[in-house]
Structure formats: C-alpha cells, structure tokens
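Please open the model in a viewer and keep the selection panel at hand. The tour proceeds stop by stop, with a selection to make at each one.

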Amino acid sequence: MHEAGAAQAIVGMLVEEAGARGAGRVDAVHVVAGETGSYMEESLAFYLGFFAKGTRAEGVRLDLRVVKPKLTCSSCGLVFERRRFSFSCPECGGDAVITDLGDEFYIESIELSGSA
Ligand SMILES: [Zn+2]
C-alpha cells in the first residue's frame, strides 16, 4: 500500500504550499501518475482525506491523471506510447526499449482559495 505514503507526502506539500502562498485552503490537487506505478485512485483519495483532516487541505479534491508507459526505439530514437503486445517502433519497426517514463508520480498543479 504505497498510496498511504504518497498521500502523506502530498498533504505535506499542499499544506506547505498553501502556507507559503497565504491561502486559506486547498481546493484541489492534480496528480500525474505512471500506469506502471499502479496507484489506485480510490485508495489515494481515501488516504488524502485521512491525512488532510484538520489541515488547510481538508476536503481537497483529487484529480489523478494516469500516463501510459513510454518506449524508446533503439534504432531511430523515437519515443512512443506502449501498445499492447507490441514492442516495435511505429516509424521504422526497430526494437524498442522501455523507459522510466510511465513510472512518474508528481503534483502537476494545486488549486488554492481563501486567505490565511
Ligand atoms: Zn524506430
């Protein structure tokens, strides 16, 4: 259950950011997560609510955007989204290797309102 740790880290950043910008509350957080990281949205939302209780981020809305893993062609260098059952390059047909794109997890943006 790495969602708990991730949620705790997110809440920490939200509270810090709200404090730094003098916002009264955090309305929403937009998170980007790689498909291979397999973060479960429901679980993440649950833990966010749990850790945000009593903070400026209480009641924060989670918007999770899942990104697909990317491959890089070893022949021409093209980076493309993985398709099911296929590892060959759509441009040249060369063999592709998996990249660490698709394993990311970061906060894309935060919506704040009110004043502290
Ligand atoms: Zn190629």
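A residue counts as buried when its relative accessible area is under 20%, as exposed when it is over 50%, and as partly exposed in between. The model on display is a predicted one.

**First stop: two cysteines**

Select C89. With a relative accessibility of 5%, C89 falls under the 20% limit and is therefore buried. Now add C76, which has a relative accessible area of 43% and is thus partly exposed.

**Second stop: the zinc site**

Which protein atoms serve as donors of the zinc ion? Display the SG atoms of C73, C76, C89 and C92: these are the donors, lying 2.3 Å from the metal. Along the chain, the donors follow the spacing C-x2-C-x12-C-x2-C. C76 sits in the loop between β3 (70-73) and β4 (79-81), whereas C89 sits in the loop between β4 and β5 (96-98); the pair therefore ties together parts that are 13 residues apart in sequence.

Next, inspect the angles at the zinc ion. The 4 donor atoms subtend angles of 104 to 118 degrees, and the arrangement is therefore tetrahedral. For four tetrahedral donors, the ideal angle at a metal is 109.5 degrees.

**Third stop: K68**

Move to K68, in the loop between β2 and β3. K68 has a relative accessible area of 38%, so this residue is partly exposed. Select A96 as well: the C-alpha atoms of K68 and A96 are 15 Å apart in space, and the two residues are 28 apart in sequence.

**Fourth stop: the sheet**

Select β1, β2 and β6. These 3 strands form an open sheet with mixed pairing, in the order β2-β1-β6. Why is one side of β2 and of β6 left without a neighbour in the sheet? Both β2 (61-67) and β6 (105-113) stand at the edges and each has a single partner strand, so one side of each remains unpaired in the sheet. From one strand to the next, the twist averages 15 degrees.

Focus on β1 (residues 25-34) and β6, which pair in the antiparallel sense over 8 bridges. To view one pairing, select A28 together with its bridge partner in β6, E111.

**Last stop: the helices on the sheet**

Add helix α1 (residues 2-20), which packs on the sheet and touches β1 and β6. The direction of α1 makes about 40 degrees with that of β6. Finally, select helix α2 (residues 41-52), which lies across β1, β2 and β6. Helix α2 runs at about 145 degrees to β2.

Notes: Residues are numbered from 1 along each chain as its sequence is written. This is a predicted model: local features need pLDDT of at least 70, side-chain atom pairs count only at pLDDT 80 or more; totals for chains, interfaces and linings use all residues. Side-chain values use heavy atoms; hydrogens and water are left out. Two strands pair if DSSP finds at least two bridges between them. Helices (H or I, at least four residues) and strands (E, at least two) are DSSP runs, numbered from the N terminus. Axes are lines fitted to C-alpha atoms, for helices over the stretch in contact, and angles run from 0 to 180 degrees between N-to-C directions. Contact means heavy atoms within 4.5 Å. Donors are N, O and S atoms within 2.8 Å of the metal (3.2 Å for Na, K and Ca); water is not among the atoms, so sites may look incomplete. Four donors count as tetrahedral if all angles lie between 85 and 135 degrees; four count as square planar and six as octahedral if opposite donors are over 155 degrees apart and all others between 65 and 115; anything else is irregular. Buried means under 20% relative accessible area, exposed over 50%, partly exposed in between (1.4 Å probe, protein chains only).
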